[in-house]
Amino acid sequence: MKFEGDISLDQELIKTIRGYSGYERTEWREKTDQRLREYMASQIQKIGSNFQNLSAHLQKFDNPDIARSIKRLIKQLKILIQSLHQPSYEKSSFFNLSEVNSGILTQLYEYESQIKHQVDILADEVSELENMDDVSDSGELINHLFDVVDNLNQSIMEREFLLAG
């Protein structure tokens, strides 16, 4: 599968995530999985910190609905981080296979690319929310943030199911 500019999904991830080497070789699999999870968890943690800062920024608008929504988003991000730190597939046979089906590898790279893309979108949306001077339009943006977090959670779960076999 190719990414923008004819770069394959795995090459884009290798370029972005330090220590990510792909899953073709057995000796790389666990380290690559660990690097991906660490990278995504740290990115989501940064977004969570931005939400904490955003919460203080939004208090000046005195809107309790927005404050509650931000707190719910922060909780959902913490759950995502926890699932990345403690995946359900830790002892999966996937990591010891001598060869992995190319279709599974393609799916795996697609999920991981989706996860990275969704985390990037989330970071951009939080920045947009931070820069708002008027919260009257924030409801739609916050709903979109919930959608992105739900999609991110879904991609993480589908990736886990794939790795669990």
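This report describes the fold, the burial and the aromatic contacts of one protein chain.

The model is predicted. Five helices and two strands make up the secondary structure of the protein chain. Followed along the sequence, these elements are arranged as β-β-α-α-α-α-α. Of the contacts in the protein chain with a separation of 6 or more, 71% are between residues 24 or more positions apart.

The protein chain has 165 residues, and 42% of them are buried. Its exposed area is about 9,400 Å², of which carbon and sulfur atoms supply 45%.

Aromatic rings form a further feature of the model. With ring centres required to lie within 6.5 Å, there are five aromatic pairs. One of them joins Phe94 and Phe95: the ring centres are 5.4 Å apart and the planes meet at 80 degrees, so the pair is edge-to-face. The angle qualifies because planes over 60 degrees apart count as edge-to-face. A cluster linked by ring pairs contains both residues, together with Tyr20, Tyr23, Tyr89 and Tyr109.

The burial of the two phenylalanines is given below.

| Residue | Relative accessible area | Class |
|---|---|---|
| Phe94 | 5% | buried |
| Phe95 | 4% | buried |

Both residues are classed as buried because the limit for that class is under 20% relative accessible area.

Phe94 also takes part in a contact with a charged side chain. The charged end of Arg29 lies over the Phe94 ring, at 5.5 Å from the ring centre. Phe94 is thus described by its ring pair with Phe95, by its burial and by the charge of Arg29 over its ring.

Technical notes:
Residues numbered from 1 in each chain as written. Predicted model: local features only at pLDDT ≥ 70, side-chain atom pairs only at ≥ 80, totals over all residues. Heavy atoms only, no water. Phe/Tyr/Trp six-rings, centres within 6.5 Å; stacked < 30°, edge-to-face > 60°. Buried < 20%, exposed > 50% of the residue type's maximum accessible area, 1.4 Å probe, protein only. Lys NZ or Arg CZ within 6 Å of the ring centre and 35° of its normal. Helix = DSSP H or I, 4+ residues; strand = E, 2+ residues; numbered from the N terminus. Contact = heavy atoms within 4.5 Å. Areas by Shrake-Rupley, 256 points an atom, 1.4 Å probe, with all protein chains shown as cover.
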